[in-house]
Amino acid sequence: MLRVLVMVSGGGTNLQAIIDAVKSGEVTNTELVGVISNNYGVKSLDRAALAGIPAEVCSAKDFASRDEFNDRLLERVDSYKPDLIVLAGFLVVIPEKMIDKYENKIINIHPSLIPSFCGTGYYGLKVHEAALARGVKVSGATVHFVDKGTDTGPIILQKAVEVKKGDTPEVLQRRIMEEAEWKLLPQAIDMIANGKL
């Protein structure tokens, strides 16, 4: 069984897609061992509780320095003994020592077709605002391994999504979630859990 730890910052729609895919058997050989959020009071924590998955908050606001937070975050991650760490909308820079320790065991979902609209400053609605401002006809989502750069790790899966006339950033964001993100992330986990990667 692949021990999966999911890290989140907000509403947790990608977390829910993973929970549902494991429950339905679409993702096999996988156990969701925990959820870590860097924010208190987010819907992700409710989703984890409803699914019976242990969840906790590790917030930088609770620590005097970034180094203290990074040490504590790594300590909390280690406590779950994960085989795979899934960043499902986790808006925190991953400490280098965590990337070293879990090399090729951390994956992220990004709401564009990397290398477009990625890197520092491109997260959440900002990605979709940039895509619409550029006038692209397709956008999409990418699942990739996490390395020490921002959105620079090896690509696992990508799915294109049509940009439609009159799209707002919010409408495009929702379509990319529904048509790409919620499908790709469970698919990538299943591939890793079953040695297909």
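## Helix α5 and its buried side

Helix α5 is followed by G135, a residue whose phi is positive, near 80 degrees. This description concerns a predicted model, and in that model helix α5 spans residues 125–134, with V127, H128 and A131 buried. These buried residues cover an arc of only 90 degrees around the axis, which puts them on the same side of α5. The elements against which the buried residues of α5 pack are β5 (106–110), β6 (138–145) and α6.

## Helix α2 and its two faces

In helix α2, which runs over residues 43–50, the buried residues are S44, L45, R47 and A48. Looking down the axis of α2, one finds these residues within an arc of 160 degrees, so they line one face of the helix. The face turned away from that buried side carries A49 and L50, which are exposed.

The cover over the buried residues of α2 includes the strands β1 (2–8), β2 (30–37) and β3 (55–57), together with helix α1. Just after α2 comes G52, which takes a positive phi of about 75 degrees.

## How α1 and α6 cross

Two packed helices are described by the angle between their axes and the distance between the axes. For helix α1 (residues 13–24) and helix α6 (residues 169–193), the axes come within 9 Å and cross at roughly 55 degrees; α1 and α6 are therefore oblique to each other. The crossing in which α1 passes α6 is right-handed.

On the α1 side the contact is made by T13, N14, A17, I18 and A21, which meet M177, E181, W182, L185, P186 and I189 in α6. Sorted by class, this contact of α1 with α6 has eight nonpolar residues, two polar residues and one charged residue.

How values were computed: Residues numbered from 1 in each chain as written. Predicted model: local features only at pLDDT ≥ 70, side-chain atom pairs only at ≥ 80, totals over all residues. Heavy atoms only, no water. Axes fitted to C-alpha atoms, helices over the stretch in contact; angles between N-to-C directions. Helix = DSSP H or I, 4+ residues; strand = E, 2+ residues; numbered from the N terminus. Parallel < 35°, antiparallel > 145°, perpendicular 65-115°, else oblique. Left-handed = near helix turned anticlockwise from the far one by under 90°. Contact = heavy atoms within 4.5 Å. Nonpolar A, V, L, I, M, F, W, Y, C, P; charged D, E, K, R; others polar. Buried < 20%, exposed > 50% of the residue type's maximum accessible area, 1.4 Å probe, protein only. Arc of directions from axis to C-beta.
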